[in-house]
Amino acid sequence: MRILMIEDDEILCATIPFQLKQEGFAVDVAMDGEEGLYLIRERLHDLILLDRLLPGMDGMDVLKAMRREHISTPVIFLTALGQTQDRTEGLNSGADDYLGKPFAFEELLARIRSVLRRPAAMQLSARLSFGDIQYEPHTLTLSCGGAKTVLSRRLGDLLELFLRNPGQTLPRQTILLRVWGMDSDVEDGNLDNYAYILRRSLSKVGSRVRLTTVRGMGYRLEDSHAG
């Protein structure tokens with residue numbers, strides 16, 4: 001699991017990531033809202049720890065911007081603004097949890113684990129749809145009309161990533177990190193092989209959905225009949 005911490009407190013930026021890494025998480029840090037939103041748009045993280053009071057673009061603006069762009073990554077607000085009105089505003093704007101400062105690391109860890117369990121449970125049975133295709137992650141089944149095919153786990157993970165970001169160009173490095181992970185030694189050319197197999201799978205079920213190569217960048221899933 002990879003966490004993005006957006007926080008301008010230098011002490012917290014040193015201690016919290018260190019403690020989280022001891023618990024097995026990978027952690028990236030941004031110290032202002034603009035940098036944080038840039039990293040959020042890379043869609044590399046499983047959860048975001050977001051300070052509400054940030055220099056420049058504050059945490060609430062970051063949260064609203066990512067939700068407007070349909071980025072559903074879970075967010076836990078970490079903030080000294082702990083009044084009921086502040087908590088309500090944060091949760092209504094799309095935060096998944098809200099933890100007031102100061103806090104014990106054990107409580108933060110419990111909140112993180114709780115929030116991460118929620119999407120995993122929902123995604124297990126969620127059917128993903130785009131254009132004329134449907135994909136069921138728990139059975140690895142791709143279908144279009146009455147035609148169906150079962151994908152490999154890796155190919156299914158690749159398709160799921162595109163289905164959760166339809167119509168968006170995903171950089172090659174983003175795809176490799178999300179599907180194969182940071183510690184994998186997979187070669188860049190393997191992605192092209194999987195893209196080829198995914199295209200064959202879409203063609204096999206007779207779909208009009210296309211996996212388009214964006215030269216010099218990555219890939220984009222498109223509905224050829226859209227627009």
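**Exercise 1. The antiparallel sheet**

Which residue in β8 does E136 stand opposite? Use the predicted model to answer, and then describe the sheet around this position.

*Solution.*
Step 1. E136 stands opposite T141 in β8.

Step 2. Strands β7 and β8 pair in the antiparallel sense over three bridges. Four residues lie between them in the hairpin, where L140 takes a positive phi near 60 degrees.

Step 3. On the other hairpin, β6 and β7 are joined by three bridges in the antiparallel sense, and S129 has Q134 in β7 as its bridge partner. Two residues separate the strands of this hairpin, and G131 takes a positive phi near 60 degrees.

Step 4. β8 (residues 141–144) and β9 pair antiparallel over four bridges; C144 has A147 in β9 as its bridge partner.

Step 5. The result is an open, antiparallel sheet of four strands in the order β6-β7-β8-β9. Because β6 (128–130) and β9 (147–150) stand at the edges with a single partner strand each, one side of each is left without a neighbour in the sheet. From one strand to the next, the twist averages 20 degrees.

**Exercise 2. Faces of β7**

Determine which side chains of β7 are buried and which helix lies across this part of the sheet.

*Solution.*
Step 1. In a regular strand, side chains alternate between the two faces of the sheet.

Step 2. Strand β7 shows alternation: I133 and Y135 point to one face and are buried, whereas Q134 and E136 point to the other and are not buried.

Step 3. Helix α6 (residues 153–163) lies across β6, β7 (133–136) and β8, and runs at about 125 degrees to β7.

**Exercise 3. The surroundings of A147**

Classify the accessibility of A147 and identify its contacts beyond four places in sequence.

*Solution.*
Step 1. A147 lies in strand β9.

Step 2. The relative accessible area of A147 is 27%. Buried requires under 20% and exposed over 50%, so A147 is partly exposed.

Step 3. Not counting residues up to four places away in sequence, A147 touches L142 and V205.

Step 4. A147 and G206 are 59 residues apart in sequence, yet their C-alpha atoms are 7.5 Å apart in space.

**Exercise 4. The parallel sheet**

Establish the strand order of the five-stranded sheet and locate the helix that packs on it.

*Solution.*
Step 1. The five strands form an open sheet with parallel pairing, in the order β2-β1-β3-β4-β5.

Step 2. At the edges are β2 (26–30) and β5 (97–100), each of which pairs on one side only.

Step 3. With direction ignored, neighbouring strands are turned by 20 degrees against each other on average.

Step 4. β1 (residues 2–6) and β2 are joined by five bridges in the parallel sense; the bridge partner of I6 in β2 is A30.

Step 5. Helix α3 (residues 59–68) packs on this sheet, touching β3 (47–51) and β4 (75–79), and its direction makes about 170 degrees with that of β4.

**Exercise 5. The aromatic pair**

Characterise the aromatic pair found in a search of the whole structure.

*Solution.*
Step 1. The search finds one aromatic pair.

Step 2. F77 and Y98 form this pair, with 5.6 Å centre to centre and 65 degrees between the planes. Planes over 60 degrees apart count as edge-to-face, so the pair is edge-to-face.

Step 3. F77 is in strand β4 and Y98 in strand β5, 21 residues apart, and the pair thus links distant parts of the chain.

Step 4. F77 counts as buried because its relative accessibility is 0%. Y98, with a relative accessible area of 1%, is buried.

Terms used
Residues numbered from 1 in each chain as written. Predicted model: local features only at pLDDT ≥ 70, side-chain atom pairs only at ≥ 80, totals over all residues. Heavy atoms only, no water. Pairing = 2+ DSSP bridges. Axes fitted to C-alpha atoms, helices over the stretch in contact; angles between N-to-C directions. Contact = heavy atoms within 4.5 Å. Buried < 20%, exposed > 50% of the residue type's maximum accessible area, 1.4 Å probe, protein only. Phe/Tyr/Trp six-rings, centres within 6.5 Å; stacked < 30°, edge-to-face > 60°.
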